[in-house]
There are 2 protein chains.
Amino acid sequence: MQSSRTSLRHLLIGDPLATSQQMHERLPKIKGLAVFSSDALSSVAYATEEILFVLILAGTGALGLSIPVAIGIAILVVTVGTSYYQTIHAYPGGGGAYSVARDNLGDLPGLTAAGALLTDYILTVAVSTAAGVAAITSWIPALYPYRVMMGVAVVAFVTIINLRGVRESATVFTIPTYLFVGGVLSLLGYGFIRWATGTLPTVTPGEAHVTVQVTSSVTLFLLLRAFAAGCTALTGIEAVANGVQAFKPPEADNASRTLAVMVGLLAIMFLGITVMAHQVGAYPVHSETVLSQIGRALFGGKGLAYVAIQLFTALILLLASNTAFADFPRLSSFLARDGFLPRQMTNLGDRLVFSNGIIVLGAAASLLIVIFGGRTHSLLPLYAIGVFVSFTLSQIGMVRRWLRLRPPGWQRNMAINGFGATTTFAVLLILAVTRFSHGGWAVLLILPLLVLGFLSVKRHFDHAAVQLSLDAFGAPPRIRRHRVLVPVAGVHRGVIHALEYARSISDDVTGVYVEVNPAETAGIQEKWYAWAGGTRLEVLASPYRSIVGPLMSYVDRIDDITRHDEKVTIVLPQFVPQKWWQNLLHNQTAMLIRLAFLFRRDTIVTDVPYHLKE
Amino acid sequence: MQSSRTSLRHLLIGDPLATSQQMHERLPKIKGLAVFSSDALSSVAYATEEILFVLILAGTGALGLSIPVAIGIAILVVTVGTSYYQTIHAYPGGGGAYSVARDNLGDLPGLTAAGALLTDYILTVAVSTAAGVAAITSWIPALYPYRVMMGVAVVAFVTIINLRGVRESATVFTIPTYLFVGGVLSLLGYGFIRWATGTLPTVTPGEAHVTVQVTSSVTLFLLLRAFAAGCTALTGIEAVANGVQAFKPPEADNASRTLAVMVGLLAIMFLGITVMAHQVGAYPVHSETVLSQIGRALFGGKGLAYVAIQLFTALILLLASNTAFADFPRLSSFLARDGFLPRQMTNLGDRLVFSNGIIVLGAAASLLIVIFGGRTHSLLPLYAIGVFVSFTLSQIGMVRRWLRLRPPGWQRNMAINGFGATTTFAVLLILAVTRFSHGGWAVLLILPLLVLGFLSVKRHFDHAAVQLSLDAFGAPPRIRRHRVLVPVAGVHRGVIHALEYARSISDDVTGVYVEVNPAETAGIQEKWYAWAGGTRLEVLASPYRSIVGPLMSYVDRIDDITRHDEKVTIVLPQFVPQKWWQNLLHNQTAMLIRLAFLFRRDTIVTDVPYHLKE
C-alpha cells in the first residue's frame with residue numbers, strides 16, 4: 001500500500017528535489033510586471049460586468065451610469081496604487097498587509113489582515129477559475145453545463161502543477177499577461193477607431209439573452225452597490241508590494257515603477273472596456289461575458305480575433321489563480337512560523353514548495369466552485385471585502401508608522417496613506433452594507449472566527465512550549481524500579497519471544513493470565529512453569545469473562561504502589577498474520593488492551609510482534 | 001468515549017452475568033413442543049399462499065390443484081419426520097445436520113450442511129419477520145407501506161432481546177405456539193362446520209385484489225413449481241433433533257414423541273388451511289395473506305376472532321425468528337470451536353450468549369429484508385433450498401451410519417433413512433430447477449463459497465498453530481545485545497523523559513536526529529550535550545527533507561549488522577496534548593514513524609507519552 005501511494009505521488013509530483021537546489025532568482029521589471037500583475041489585470045475580465053449586473057435592476061436606461069461609476073473606481077485604483085507605492089519604499093523587504101499591520105498595529109490587526117488575505121486568495125482561485133471557464137463557455141456555449149466539472153478540473157490541474165513546483169521567473173509566465181494586455185488594448189483601439197469613424201456596430205443579443213425585470217429605480221444605494229461591484233477590479237493590486245524582494249536591485253525602485261505601470265494599465269483597460277461595453281450595447285447575462293460580447297460585436301461571429309481574445313482571457317485568469325497558489329502557502333507558512341497555524345504549513349514538500357498550503361487552497365477553492373455552481377457572478381459578492389479589510393489595515397499601519405518614525409517628509413507621506421486608508425475604509429463600509437445580504441455576511445462571520453482560531457493555536461503552542469521547556473527542569477528522576485507485565489492468553493512461541501524481550505529490559509517481570517475458563521488454568525500454569533524460566537505468573541479471576549477489565553484493575557493496583565521514580569511497562573505478545581484479513585480471524589485482545597491503555601498516563605505499552613509465515 | 005459506549009451497551013444489554021450463573025434447565029414435552037416447533041408450525045402461515053401464487057399463473061381454475069399438491073407435501077412432512085425420529089434415537093446428544101454429516105460423511109459434506117443451515121437461519125429470521133409483519137398489515141392495510149421499517153425494527157428488537165439473553169425455557173414462550181395452534185385449529189374447525197352445514201361464505205376481494213395475467217397452462221413443471229413452493233412448510237422440522245439434550249430424561253424418548261406430535265399438527269394444519277383457502281375462494285395477493293382472507297370470510301369484517309388469529313400468527317412468527325437467534329449463534333460457535341470460523345464466535349458475551357453470532361444474524365437478516373422490500377413472497381424462493389440440502393446430507397449420513405455400525409434392525413432403519421434421503425434429494429432437485437431463476441442461483445452460488453471460506457479459515461488456524469507450537473521449539477536465543485534508538489526532533493522535556501526510559505531498558509542507547517535544516521544542528525547538539533547525560537547522538541543528513549526516509553535507511557544499516565541474538569528497539573518520545581484536536585497542530589512525525597515500522601519485522605517500536613496539561 002505504501003509503495004503504491006509513493007509511486008502515485010511520484011507520478012504526479014515528480015522526483016524530490018534536494019534542499020540545496022533552492023534558488024533565489026531576481027526578476028527584471030518586464031518579467032516582474034507579468035508575474036505580479038496577472039491577478040490585478042485579469043479582474044477587468046469581470047469587473048465591468050458586475051457593475052452592469054447591478055445597474056440593469058433599474059432598467060436598460062441605467063446602464064449608461066456604468067461610465068461615471070467606472071471613473072470613480074479608476075480614481076480609487078490610482079489612490080490605492082499611490083498608497084502602496086509608499087509602502088514599497090517603506091518595506092523594501094516585502095510589505096504584505098500581515099507584516100505591515102502586525103508590525104505597526106499589533107497582533108490582532110495583523111491577524112485580521114492575514115485572515116482576510118487567506119480568504120481572498122481562496123476566492124481568487126475560485127473566481128479566476130470560474131471567470132476563465134466563462135471565457136471558454138462564452139465562446140463554446142455547449143460547454144456551459146459542464147462548467148463546474150471544468151472548474152474543478154482546472155483547479156486540480158493547477159494544484160498538481162504547483163505541487164510539482166513552479167518557477168515563477170520562467171519566461172512562459174510573461175506570455176499570457178502580455179498577450180492579454182496586447183489583446184485587450186488592440187480590441188479597445190480598434191473599437192475606438194470604429195467609433196470615431198461612426199461604424200461601430202452594436203452586439204446582437206445572444207441565445208440566453210433574457211429580459212430582466214426592472215425592480216428598482218436609480219437610487220444612491222443602487223449606485224453604491226454598482227460601485228462596490230466594480231471594486232473587484234482592485235483585487236490583486238497589493239501583489240507587487242508583497243514581492244519587492246523578487247525584483248532586481250534596486251528592488252524598491254524597480255518594484256514601485258512596475259506598480260505604477262500596472263496601475264496605469266489597470267485603470268485604462270477597465271475604463272476602456274466599460275465605455276466600449278456601453279457603446280456596443282453589451283448586456284449582463286450569465287452565459288456570455290461582456291468582453292465576449294464586445295469581441296463578437298467588433299469582429300462578428302466567431303472569427304480568429306474573437307477566439308484569440310477569449311483564449312488570452314482564459315490564460316491570464318489561469319495565471320491569476322496560479323499566483324494565489326504562490327501567495328496563500330507563503331502567507332500560511334509565515335503564520336505557522338509565528339505560531340498561529342499548525343507547523344505543517346511550514347514544511348517544504350518533495351519539490352521545495354509548501355505542499356500543505358497548496359493542498360488546502362486547492363481543496364477550499366474547489367469546494368467553493370461546487371457550492372456556487374461555477375458562477376463567477378455568485379462568487380463575487382464574497383470577494384473584495386477581504387481585500388479591502390487588508391488594504392485598510394495596511395494603510396492604517398503605514399499612518400501609524402509615519403507617526404512613529406517621523407522621517408523627512410513624513411507629513412506628506414502620512415497624508416497620502418491617511419487618504420488611502422480613509423478611502424478604502426469607506427469602500428469597505430459600502431461593500432459590507434451593500435453585499436451583506438448577498439453572502440458578505442459569511443465573510444464577516446468567518447473573519448473573526450479565523451482570528452480566534454489563530455489565537456487559540458498560538459495559545460496552545462505557547463503552553464506546550466512552556467511545558468516542554470528545559471528551563472527550570474530538574475531532569476526526570478532516575479527510574480529505580482521498572483515493573484514489566486506480560487499479559488498472556490496461552491503459552492506459545494509468540495509469548496515466549498515477548499517474555500524473552502521483557503526479561504531483557506527489566507529484572508522485574510510478571511506474566512499475567514486472565515482466567516476466563518478456570519478449567520484451563522492448570523494446563524497454562526504447567527506450560528508456563530516449563531517454558532517461562534522461573535518468571536512468576538499472576539492469575540486473575542474474571543467472573544464476567546472480560547479480559548481487559550481484570551487487567552486494568554490489576555494495573556490500577558500496581559499503580560497505587562508505584563512511586564514516582566518507578567515505571568510500569570506492559571509488553572504485549574502479538575502475532576502478526578501475513579495477510580491483513582487473517583487478523584479478523586483472531587480475537588483482537590491485544591488491540592483492545594492497547595486501546596484501553598491509550599488514555600492512561602505513565603503506563604507504557606510495547607507490542608512485541610511475532611510474524612507468522614502463512 | 002469509552003464510558004459512553006459502555007453505558008449505552010449497559011442500557012441495551014443489562015448487567016453482565018457471571019460465568020457461574022450459566023444454567024442448564026431441562027424441558028418437559030409440553031414446553032419442548034412450544035419451544036422447538038414454532039419455526040415449523042409457523043410456516044403454515046405462508047406455505048399455502050406460495051402454492052397458490054404459482055398455480056394462479058394457469059388461471060383461477062387451476063387453484064383447486066392446491067389440494068393434491070398439499071397432500072403430496074403432507075406425505076413429505078411425515079417422511080422427513082420419520083427419518084428424524086430415527087436420528088433422535090441414534091444421536092441422543094443432539095443430531096444437527098452438521099454433526100451427523102461430518103461424523104459419517106466427512107468434513108466437506110458436514111460443512112456443506114452447516115453452510116446451508118446458516119444461510120437458512122438467516123432466511124428464517126427474514127422470512128418469519130416479513131410474514132409476521134404481513135399478518136399485521138393484512139389486518140391494518142394502512143401500515144403496508146411501512147413494512148420494511150417495521151421488519152427492520154422487529155429484527156433489531158429481537159437482536160437486543162437475545163443479546164440480553166433469553167431463557168428459552170420460560171413459560172412465556174409456550175404461549176404463542178399454543179395460541180397459534182389453538183387459533184388455527186378453531187378457525188379450521190369452525191370453517192368445516194360451516195362447510196358441512198352448507199353455510200360457508202366466500203371471501204370478498206380486498207382492495208388490492210388485482211387480476212393476474214394467465215401466462216401458463218397446467219404443465220408438469222408448473223405442478224412441480226407449486227410443490228416446491230409448498231415445501232417451505234418443512235422448514236424448521238429439524239429443530240427437535242438438534243435439541244434433544246434440552247428435554248428431560250429419557251431425552252430421546254421425550255424428544256421423539258414431541259417430534260411425532262409436531263409432525264402431526266403440521267400436516268393437519270397445513271392441509272386444513274389449504275382446503276379451507278380453496279373453499280372460501282382465497283386468492284394470492286401481496287397485500288393480504290391467505291390466512292387473513294380465511295379469517296375475514298369466516299368472521300366477516302374485522303371482528304375480535306379475526307384480529308386474534310392475525311395477532312397469534314404475528315406472535316408465533318416472532319417466536320420462530322427468535323428460534324433462529326438461538327440456533328445460528330450455537331451452530332457458528334460449533335464451527336468456530338472446530339476452527340472453521342473465527343474464534344470470536346465462541347465468545348460468551350456479557351449475558352452469557354454468543355453475542356457475535358447474534359449480531360451477525362441480525363445484521364444479515366435486516367439486510368435481506370431491506371433488499372427484498374420486506375415481501376415474504378420475494379424472499380421465499382431463496383428459502384427451503386438450504387433446508388433440503390441439510391435434510392439430504394443428514395439422511396445420507398444416517399444411511400452411512402447404519403451401514404457402518406449395523407445394530408439390530410439396521411436394515412429397516414437404513415431403508416427408512418434411505419427413503420428419506422432419496423425423497424429429500426428429489427425435492428432438492430425440484431427446488432433447484434424450479435427456483436433457479438427466482439434467486440435459487442444465489443443460494444447455489446453462496447453455498448460453495450461458504451464452504452471454501454470455512455476451509456481457508458481452518459487452514460489458517462492450522463498453519464498458525466504449527467508455527468506457534470512449542471513442540472520442537474528450542475526457545476528463542478537470549479538477547480545478548482539490545483540497541484535502543486531514540487529519534488528526536490529537538491531537545492525538550494518529553495525527549496528527556498523518553499531518553500531516561502530508553503536508558504533504563506538498555507545500556508546501548510543512541511539518539512538519532514534527522515537534520516532537515518543544517519543551520520539548527522549545532523544548537524541541538526549543544527542542548528543534547530547538556531541534557532542527555534553522555535548518550536551519543538547520531539545526526540542523519542536529509543537532503544530531501546524527509547524524516548522517515550533517512551531514519552529507515554539508518555535502521556536498515558543497523559539491522560544489517562544485527563545478529564540473530566540481538567534486538568533493536570525504537571523509543572519514540574511523543575507528547576500527548578489534552579484535547580484531541582490539538583494533535584492536528586503538530587507534525588505527526590511519531591505517527592509516520594510508527595506506520596513506517598509497522599511492516600518491518602523484528603524492530604520493536606515503543607511510544608513514551610509525555611502528557612501536556614493544557
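Which residue of chain B comes closest to the rotation axis? I looked this up and found B:Ile505, with its C-alpha at 2.2 Å from the axis.

**Entry on the model.** I note that this is a predicted model, in which local features need pLDDT of at least 70, side-chain atom pairs count only at pLDDT 80 or more, and totals for chains, interfaces and linings use all residues. Residues are numbered from 1 along each chain as its sequence is written, while chains are lettered from A and ligands numbered from 1 in the order in which they are written. For chain A I read an average pLDDT (the predictor's confidence in each residue, from 0 to 100) of 85, with 92% of the residues scoring at least 70. The scores for the model are ipTM 0.72 and pTM 0.70.

**Entry on the two copies.** A turn of 179° with a shift of 0.0 Å along the axis lays chain B on chain A with an RMSD of 0.1 Å, the superposition being by least squares on the C-alpha atoms of residues with pLDDT of at least 70 in both. The two copies are therefore related as by a two-fold rotation axis. I also checked the surface used, and 100% of the contact residues of chain B recur in chain A, so the same surface serves both copies.

**Entry on the contact.** Taking residues as in contact if their C-beta atoms, placed from the backbone, lie within 7 Å, I find 51 residues from chain B and 51 residues from chain A. On the side of chain B that touches chain A, the elements giving two or more residues are helices H18 (440-468) and H19 (493-505) and strands E4 (566-576) and E5 (603-611) of chain B; helices (H or I, at least four residues) and strands (E, at least two) are DSSP runs, numbered from the N terminus. H19(B) gives the most to this side, with 8 residues.

**Entry on the core.** The largest nonpolar core has 150 residues, of which A:Ala126, A:Leu266, A:Phe270, A:Ile294 and A:Leu379 touch the most other members. Such a core is a set of buried Ala, Val, Leu, Ile, Met, Phe, Trp, Tyr and Cys residues joined through C-beta atoms within 7 Å, and buried requires 20 or more other C-beta atoms within 10 Å of a residue's own (exposed is 12 or fewer, partly exposed in between). Helix H6 (residues 107-139) of chain A gives the most to this core, with 18 residues.

**Entry on A:Leu592.** I place A:Leu592 in helix H22 (residues 589-598) of chain A, where A:Leu592 is partly exposed because 14 other C-beta atoms lie within 10 Å.

Terms used. Contact = placed C-beta atoms within 7 Å.
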